[in-house]
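Please work through the exercises below with the sequence and the model side by side. Try each task on your own before you turn to its solution.

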Amino acid sequence: MDALKATQYYINRIVADTSGMKVLLLDRETTPIISLVSTQSYLLSKETYLVDRIENSNRDVMRHLKCVCFLRPSESSIQALLDELRSPKYGDYYIYFSNILKKSMIEMLAENDESEVVREIQEFYADYYVATPLLFHIGLSPSAYPLFAEGHSWNPGALSRTVQGLSALLLSLKRRPNIRYERNSAMALKLGQEIEYLISHESNLFSAKGTERKTHLFILDRKNDPVTPLLTQWTYHAMLYDAIGVTNGRVDLSYVPDIRPEIREIMISQDQDTFFKQSQYLNFGDLGMSIKEFVDTYQSKTKSQHEIQSISDMKRFVEAYPEFRKLSGNVTKHVTLVGELSRIVNANHLLEVSELEQSLACNEQHNNDLKSLKAMIANSKFLPENKVRCVILYALRYERMQGNATPELKQLLISNGVDADHVAMVDVVLRYAGVGERQSDIFHNENLFSRGRNIFKGLQGVENVYTQHSPAVAEMLEDMLRGKQGLQWQERLPNLDPKARPPLIGNENGIFNQDIIVFIVGGATMEEELAVAKLNAKYKSQNVSILLGGTSIHNSRSFLSELSATFFPLTSQGR
């Protein structure tokens with residue numbers, strides 16, 4: 001399963017099926033969907049000479065051009081299209097919707113096409129955002145689609161958008177999955193029910209040829225692993241998300257002093273950038289060596305290009321010039337990104353922060369953790385947000401331990417100048433994902449057996465002290481793929497229909513010849529994407545393919561921001 005190829009197939013069809021010079025009209029949400037999987041040069045190669053937004057009413061009339069529209073079937077986009085058809089600016093219209101179109105919408109379009117310019121209407125199910133071939137998301141944000149209504153319940157708009165996006169993914173991959181959900185999550189259950197309802201009511205679409213391969217859809221809840229999005233990341237792609245921020249494949253460097261105009265915003269794409277594809281999973285230390293080799297390669301090619309002593313040398317230079325320019329741009333881009341990451345790591349003392357984070361996430365050593373945490377809070381060189389994150393990790397791990405010092409640490413944060421609203425996030429996260437809300441023992445400290453397992457784990461050799469942590473989803477999938485603790489996982493992930501006889505999650509030997517789509521309500525992370533990539537490579541011989549998705553992609557800031565903006569804990573009386 002490859003989310004990138006699935007979306008690219010539709011986008012390629014949209015611009016290639018209509019021959020001749022054309023304009024491409026998009027809406028607010030389909031613009032980033034296309035920009036993540038295609039390029040301007042590709043669109044130009046298919047005679048797409050203008051790309052604009054359908055909401056823009058100031059476009060020129062060009063009746064000699066054909067118009068290709070790729071829109072979400074939302075009320076705002078439908079209304080903009082109706083306005084367009086009442087006063088068409090182009091000769092012919094070929095309309096593609098990113099999801100299932102209601103019959104009433106088709107009737108409205110027909111009624112408003114008085115000039116009879118519409119030549120074609122189709123559904124192409126590219127209604128989700130592709131971060132990597134293994135990771136997609138729905139694009140929920142507190143401003144556009146707040147996730148929570150009250151406590152652990154869906155905001156109706158976010159639920160509707162998630163059902164649309166996830167069902168579009170299933171249709172684009174031609175999958176009709178067996179749905180399982182985390183037993184303790186009302187939000188996972190609700191999403192599963194809505195997806196199952198849609199599948200049953202659109203059975204013709206979900207029974208198309210190619211849907212025979214056995215596929216599981218596991219709907220998980222972020223509250224069962226709040227630790228992963230709180231940790232500092234150390235692989236290239238994850239660091240870009242964590243330290244700088246990536247929005248629809250773009251890294252904004254406009255805040256960097258004296259940054260050159262052409263690199264104020266940098267597009268990252270493993271599909272278009274060989275170096276990034278090869279380096280995205282490198283840890284920060286290895287990345288430094290890789291970027292040095294990249295620069296050395298560029299310098300050697302630069303030297304050879306300067307050695308023009310004959311007509312044949314000149315011809316060779318001209319033929320290689322486009323590739324040379326591309327290499328030059330890539331070198332500049334990645335040197336700039338790695339340089340900024342290095343500056344952030346040093347300025348924010350992230351190595352020291354990460355070492356404490358990993359200790360809190362992976363090891364049971366209360367006295368040492370408390371001592372280190374107090375020292376960090378008292379030290380002004382550390383950012384307030386990093387202090388708060390570490391206190392949250394402490395509060396989650398030692399929530400039920402006798403001698404828990406969370407109230408003392410919160411007071412210490414305030415006395416050291418940390419804003420009270422930031423300190424309040426400690427309680428918000430505990431209400432959202434404290435031990436009473438979680439289904440899994442993510443710290444392996446809830447009983448004697450798991451405490452022993454945790455101590456044993458701590459004695460093992462660790463390749464890198466900054467990357468000890470393994471996401472809960474990785475441990476779950478690894479157990480399933482190895483055929484380990486099968487009954488436990490089937491109990492934790494019940495089938496949506498308890499009366500049905502669902503396919504087992506593999507057998508005692510593991511999972512073979514099946515696909516797994518893991519969807520996390522509350523957002524996925526780049527650390528989890530890396531874990532999925534490793535599992536796909538490790539268990540390739542079992543013919544298993546895993547795809548990860550979420551309502552959004554989170555780093556620590558966006559995770560806490562979403563909880564702060566949209567999660568409203570139930571009152572103590574309502575618990």
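The exercises that follow deal with aromatic pairs, cysteines, salt bridges, one surface patch and one helix.

The model is predicted, and local features are reported only at pLDDT of at least 70, side-chain atom pairs only at pLDDT 80 or more, while totals for chains, interfaces and linings use all residues. Residues are numbered from 1 along each chain as its sequence is written, and side-chain values use heavy atoms, with hydrogens and water left out.

**Exercise 1. Aromatic pairs**

Describe the ring pair of Tyr236 and Phe276, and then the pair of Phe275 and Phe294.

Solution. Begin with the rule: rings of Phe, Tyr and Trp (its six-membered ring) pair if their centres lie within 6.5 Å, and planes under 30 degrees apart count as stacked, over 60 as edge-to-face and the rest as tilted. A search of the whole structure with this rule gives 14 aromatic pairs. For Tyr236 and Phe276 the centres are 5.6 Å apart and the planes make an angle of 70°, which is an edge-to-face pair. Next, place the two residues, using helices (H or I, at least four residues) and strands (E, at least two) that are DSSP runs numbered from the N terminus. Tyr236 belongs to helix 9 (residues 236-244) and Phe276 to helix 10 (residues 274-279), so the pair ties together parts that lie 40 residues apart in sequence. Tyr236 and Phe276 are both buried, where buried means under 20% relative accessible area, exposed over 50% and partly exposed in between (1.4 Å probe, protein chains only).

Turn now to the second pair. The ring centres of Phe275 and Phe294 are 4.3 Å apart and their planes stand at 10°, so this pair is stacked. Phe275 is in helix 10 and Phe294 in helix 11 (residues 284-306), which puts the partners 19 residues apart. Phe275 and Phe294 are buried as well. Elsewhere, ring pairs join Tyr9, Tyr10, Tyr96, Phe124 and Tyr125 into a cluster.

**Exercise 2. Two cysteines**

Explain why Cys67 has no bond to the sulfur of Cys69.

Solution. The test for a disulfide is a pair of cysteine sulfur atoms within 2.5 Å. The cysteine sulfur closest to that of Cys67 is in Cys69, at 3.7 Å, and this is too far for a bond. Cys69 is likewise in no disulfide, and the count for the structure is zero disulfides. As for accessibility, Cys67 is buried at 0%, and Cys69 is buried with a relative accessible area of 0%.

**Exercise 3. Salt bridges**

Follow three salt bridges along the chain, and find where the partners of each one lie.

Solution. A salt bridge requires a side-chain nitrogen of Lys or Arg within 4 Å of a carboxyl oxygen of Asp or Glu, and the count comes to 26.

- Glu84 and Arg59 form a salt bridge at 2.6 Å, N to O. Glu84 is in helix 4 (residues 75-86), and Arg59 is in the loop between strand 2 (48-53) and strand 3 (62-71), 25 residues away in sequence. Glu84 is buried at 4% relative accessibility, and Arg59 is buried at 7%.
- Arg119 and Asp92 form a salt bridge at 3.1 Å, N to O. Arg119 is in strand 5 (residues 118-123) and Asp92 in strand 4 (residues 90-97), 27 residues apart. Arg119 is partly exposed, at 46% relative accessibility.
- Arg222 and Glu528 form a salt bridge at 2.7 Å, N to O. Arg222 is in the loop between strand 9 (215-221) and helix 9, while Glu528 is in helix 22 (residues 526-538), so the pair ties together parts 306 residues apart in sequence. Both Arg222 and Glu528 are buried.

A network of salt bridges also links Arg28, Glu29, Arg72, Asp127 and Arg161.

**Exercise 4. Helix 18**

Decide whether helix 18 is largely enclosed, and name the elements that its buried residues pack against.

Solution. Helix 18 (residues 425-433) has nine residues, of which seven are buried, so the helix is largely enclosed by the rest of the structure. The buried residues are Met425, Val426, Val428, Val429, Leu430, Tyr432 and Ala433. With contact taken as heavy atoms within 4.5 Å, these residues pack against strand 9, helix 15, helix 16 (406-415), helix 17 (420-423) and helix 23 (556-566).

**Exercise 5. A surface patch**

Find the residues that form a nonpolar patch with Met21.

Solution. Patches are made of residues with over 30% relative accessible area and no salt bridge, like charges being joined within 9 Å and nonpolar side chains (Val, Leu, Ile, Met, Phe, Trp, Tyr) within 5 Å. Met21, Leu44 and Tyr49 form such a nonpolar patch on the surface, with about 310 Å² of accessible area together, as given by the Shrake-Rupley method with a 1.4 Å probe, where for residues only the protein chains shown count as cover. Met21 is in the loop between helix 1 (3-16) and strand 1 (22-26), and at 42% relative accessibility Met21 is partly exposed.
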